[in-house]
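User: I'd like to learn how to read a model like this one, feature by feature. Could you walk me through it?

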Amino acid sequence: MTAKNNLCEFLEWDSDFFGFRIARLTEEKLTPETMKNVLRWCNENRIDCLYFLADAADFQTTRLAEKHGFHLTDTRITLETVLKNFQPDETATEVSVSEAVPEDVEQLKKIAARNHRDSRFYYDGRFPAEKCDELFALWIEKSCKGYADVVLTAKKDSKVQGYITCSIDERNDGSIGLVGVAKDSQGTGIGKLLINSAKHWFGEKNVSRITVVTQGRNVKAQRLYQNNGFITKSLKNWYHLWFV
């Protein structure tokens, strides 16, 4: 097996987790020649599923993806904001925000396992729903153990109501990973509280630019970010190509 070439990369973790041989196309655009080489590599490496994050604006890429059986699973929207003299909201509230502690993890996992049903993994239809639940539960657990630089939790009476994960890259740009609010606490302003808390945390780290990614079908999340100063930066399409 060739784990990686100049077009495709075998994803060992995804393959082990889902039980399929999964790879990722590393280019964002397709040409007829590229497509031929990709299909050859997938055949030689017995790939079951190929992820492809595509340039949504490229007409030829869209046509070739459709022609060769790629299934559109998500529109990936990246939004960004620039912090300028940000002042945290000091309004008193019954909900407090603090950094996650080990005792929070089990509550966080239960929320995360039910809170990201708009993702491409559920929408694909071939990944078992229980494995998708497990994926996001594992994601928030790993975030608490160092995958993210910080996990902020919103709590009321010691019960976790929501979370937001934050990371800083080598350029000192910030990114928000997972954001979730418990079902019975949605619509109560906790999402806004978490975003403002994340902004405050990034500001203390001298981060000025923050990005966040959400799904095209997740209009509620888009509006939440837009209402809190984020604007659209880019739009790409996630495709999955199955060979089984």
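Analyst: Let's begin with charge, and with how it is counted: Lys and Arg are taken as positive and Asp and Glu as negative, while His and the chain ends are left out. Keep in mind that this is a predicted model.

User: Counted that way, how many positive and negative side chains does the chain have, and how far apart are the centres of the two sets?

Analyst: There are 34 positive and 34 negative side chains, and the centres of the two sets are 4 Å apart.

User: Okay, overall shape next. How compact is the chain, going by its radius of gyration?

Analyst: First the inventory: eight helices and 10 strands. The radius of gyration is 19 Å, and the globule rule gives 18 Å for 244 residues; the two are close, so the chain is as compact as a globular protein of that length. Measuring tape along the principal axes, if you like: the C-alpha trace spans about 60 × 35 × 30 Å.

User: And what share of the residues is buried?

Analyst: A residue is called buried when its relative accessible area is under 20%. Here 45% of the 244 residues fall in that class. As for the surface, the accessible area of the chain is about 13,100 Å², with 46% of that belonging to carbon and sulfur atoms.

User: How do I read contact order from the contacts? What percentage join residues at least 24 apart?

Analyst: Take the contacts between residues at least 6 apart in sequence: 74% of them join residues at least 24 apart. The strand pairings give you concrete cases.

User: Then let's do strands. Which strands does strand 4 pair with?

Analyst: Pairing is read from bridges between strands. Strand 4, residues 71-82, pairs with strand 10, residues 231-242, in the antiparallel sense over nine bridges. Strand 4 also runs antiparallel to strand 9, residues 209-215, with seven bridges joining them. For single positions, D74 has W238 in strand 10 as its bridge partner, and I77 stands opposite T214 in strand 9.

User: Is T214 buried or exposed?

Analyst: T214 has a relative accessible area of 3%, so it is buried. Leaving aside neighbours within four places in sequence, its contacts include T75, R76, I77 and L79, along with A221, Q222 and Y225.

User: What about strand 10? Where does S234 sit relative to I77?

Analyst: S234 lies in strand 10, and its C-alpha is 6.0 Å from that of I77, although 157 residues separate them along the chain. Beyond neighbours within four places in sequence, S234 is in contact with R76, I77 and T78. Its relative accessible area is 24%, so it counts as partly exposed. L235, also found in strand 10, is partly exposed at 44% relative accessibility. With the same neighbours set aside, L235 is in contact with A56, T75, R76 and I77.

User: So sequence separation and spatial distance are separate readings. What is the C-alpha distance between L235 and A182?

Analyst: Those two are 53 residues apart along the chain, and their C-alpha atoms are separated by 28 Å. Set beside that V101 and C144: 43 residues apart in sequence and 7.8 Å apart in space, C-alpha to C-alpha. V101 is in the loop between strand 5 (96-99) and helix 4 (105-112), and is partly exposed at 34% relative accessibility.

User: Why is strand 6 described as largely enclosed?

Analyst: Count its buried residues: six of the seven in strand 6 (residues 150-156) are buried, so the rest of the structure largely encloses it. Strand 6 pairs antiparallel with strand 5 over four bridges, and antiparallel with strand 7 (residues 159-168) over seven bridges. A154 makes a handy marker: it is the bridge partner of V97, and its own partner in strand 7 is G162.

User: Last one: backbone angles. Which residues other than glycine have a positive phi?

Analyst: Among them are R46, with phi about 55°, and N206, with phi near 60°. R46 is in the loop between helix 2 (32-44) and strand 3 (49-55), and is exposed with a relative accessible area of 55%. N206 is in the loop between helix 7 (190-204) and strand 9, and is exposed at 64%. D157 also takes a positive phi, near 55°, in the hairpin of strand 6 and strand 7, which has two residues between the strands.

Methods. Residues are numbered from 1 along each chain as its sequence is written. This is a predicted model: local features need pLDDT of at least 70, side-chain atom pairs count only at pLDDT 80 or more; totals for chains, interfaces and linings use all residues. Side-chain values use heavy atoms; hydrogens and water are left out. Two strands pair if DSSP finds at least two bridges between them. Buried means under 20% relative accessible area, exposed over 50%, partly exposed in between (1.4 Å probe, protein chains only). Contact means heavy atoms within 4.5 Å. The radius of gyration is taken over C-alpha atoms; the globule rule is 2.2 Å times the number of residues to the power 0.38. Accessible areas come from the Shrake-Rupley method with a 1.4 Å probe; for residues, only the protein chains shown count as cover. The place of a charge is taken as NZ of Lys, CZ of Arg, CG of Asp or CD of Glu.
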